[in-house]
Amino acid sequence: MNIYMVGGAVRDGLLGLPVQDRDWVVVGATPEDMVAQGFVPVGKDFPVFLHPDTREEYALARTERKSGHGYKGFTVFASPEVTLEEDLARRDLTINAIAASAGWTGAALTDPFHGQRDLQARVLRHVTDAFREDPVRILRLARFAARFHDFSIAPETGALLREMVADGEADHLVPERVWQELSRGLMEAHPARMFEVLRECGALAVVLPELNRLWGVPQRAEYHPEVDTGVHVMMVLQMAARLGASLPVRWACLMHDLGKGTTPADVLPRHIGHEQRSSKLLRTVGQRLRVPTDCTELADVVAREHGNIHRSGDLNAAALVRLLERCDAFRKPARFADALLACECDARGRLGMGEDAYPQRPRLLAALAAAQSVRTAEVAAAAQARGARGEAIGKAVAQARAQAVAAWMAAQGESGSGGDADAPENRLPSN
């Protein structure tokens, strides 16, 4: 029995990066051998065991043979006869197909596919043509491109990605795996690179056609000097990464302008009503990819209200309270704070505007705090004592909150006599 550390742990060690998780492969052993040494079997599809002390995963060396479509369409063969080189040959990228003996200190590597050379050249290259047998590898490569943004993709690997999409392999990706890879890639330092790679090979049109159609859609240059909607959304996403935003915020940034892809050509570059179209589309995407509820709900708020949040400096106290109510800010203030961060990313994710201030965010948080200072139970009780019922009580609470916001505005030197967001004559042009 011989044990080797493989995959990301070796790769990151060679790159001088922190090693998060260590994966191990065991050559020359049977499942019975592993159990006899105290390892706990956990693998369903192939022999994987947990170390009795470290709880790290140890997998028996194996080979895989394509037997159907998708990432589960494989027949796995694990036996003591499978060599380390054969196990490494089934891996996706050369930089992930390097093995080190247990106790590795920087030498004695097994590298049959020249992963070290590709690490030095900063190239993402597939190991063998068997790469094409698993469509999830398209997503994984795109995710690695987001992580190692200064790595190029080998020309033959880029060609293979395009062939896989053309052959329909991407059509067999299942929602859970799509979301798993997208969500991980979104949290990398350069998430836009993931979508760049997916778009270049044609896979984005398969997994996220609603996003893919945004490239080439023009916007009004006075609001968007970058003009192209797809370019804008990637700039917004990169701003979210720059500001250290959470996954729900990054997803909201990615989804907020989907409706612009369905704007009739005869009204371009204006996008009247794109907010509601975006809301509908992102909910369809959320259902299809089984996106977590918190991500979809935040994205919905941002899609519907980002225009009003951008214009909130022109709103009076009553309109501000209505905006807070539509965002459900009183019940979910933390989510509202996330929505404001996403809106800041939207405002700053435009050509030449990356360093601009976004006063709407602190201002709306302060307005919320002022409105929250109202003792709503006392206001409701007083309204009831006057004979108010149902909707009338709600109006009394809203009026008290508006008065509190107006008082806060006055203390800031604002007149509080701005526009009413619900009045059509005060609606600004859609951006």
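Two strands are taken to pair if DSSP finds at least two bridges between them. By that criterion, β2 and strand β5, the latter spanning residues 57–60, pair in the parallel sense over three bridges. Within this pairing, Val-25 stands opposite Ala-59 of β5. The structure discussed here is a predicted model. Its pLDDT averages 91 over the protein, and 93% of the residues score at least 70. Residues 423–430, by contrast, have a pLDDT below 50; this stretch nevertheless has 18 contacts in the model beyond near neighbours in sequence.

The account may continue from β2. This strand comprises residues 23–27 and is mostly covered, with four of its five residues buried. Besides β5, β2 also pairs with strand β1 (residues 2–6), here in the antiparallel sense and over five bridges. One position in this pairing can be located by Val-6, whose bridge partner in β2 is Asp-23. The strand β2 thus takes part in an antiparallel pairing with β1 and a parallel one with β5.

These pairings belong to a wider arrangement. Which order do the strands of the open sheet follow? The sheet has seven strands in the order β3-β4-β5-β2-β1-β8-β9, and its pairing is mixed. The edges are formed by β3 (40–41) and β9 (109–110), each of which pairs on one side only. At the β9 edge, strand β8 (residues 99–101) and β9 run antiparallel and are joined by two bridges. In that pairing, Ala-100 stands opposite Leu-109 of β9.

A helix can now be placed against this part of the sheet. Helix α1, made up of residues 8–15, lies across β1, β8 and β9. The direction of α1 is at about 60° to β1.

Attention then passes to a contact between two helices. Two packed helices are described by the angle between their axes and by the distance between those axes. For helix α6 (residues 155–166) and helix α8 (residues 191–201), the axes come within 8 Å and cross at roughly 60°. Because of this crossing, α6 is oblique to α8. By class, the contact of α6 with α8 has four nonpolar and two charged residues, and no polar ones. Which residues of α6 and α8 meet? From α6 come Leu-161, Arg-162 and Val-165, and these meet Val-197, Glu-200 and Cys-201 of α8. Arg-162 in α6 and Glu-200 in α8 are the charged residues in this contact, because Arg and Glu count as charged.

Terms used
Residues are numbered from 1 along each chain as its sequence is written. This is a predicted model: local features need pLDDT of at least 70, side-chain atom pairs count only at pLDDT 80 or more; totals for chains, interfaces and linings use all residues. Side-chain values use heavy atoms; hydrogens and water are left out. Buried means under 20% relative accessible area, exposed over 50%, partly exposed in between (1.4 Å probe, protein chains only). pLDDT is the predictor's confidence in each residue, from 0 to 100. Contact means heavy atoms within 4.5 Å. Axes are lines fitted to C-alpha atoms, for helices over the stretch in contact, and angles run from 0 to 180 degrees between N-to-C directions. Angles under 35 degrees count as roughly parallel, over 145 as roughly antiparallel, 65 to 115 as roughly perpendicular and the rest as oblique.
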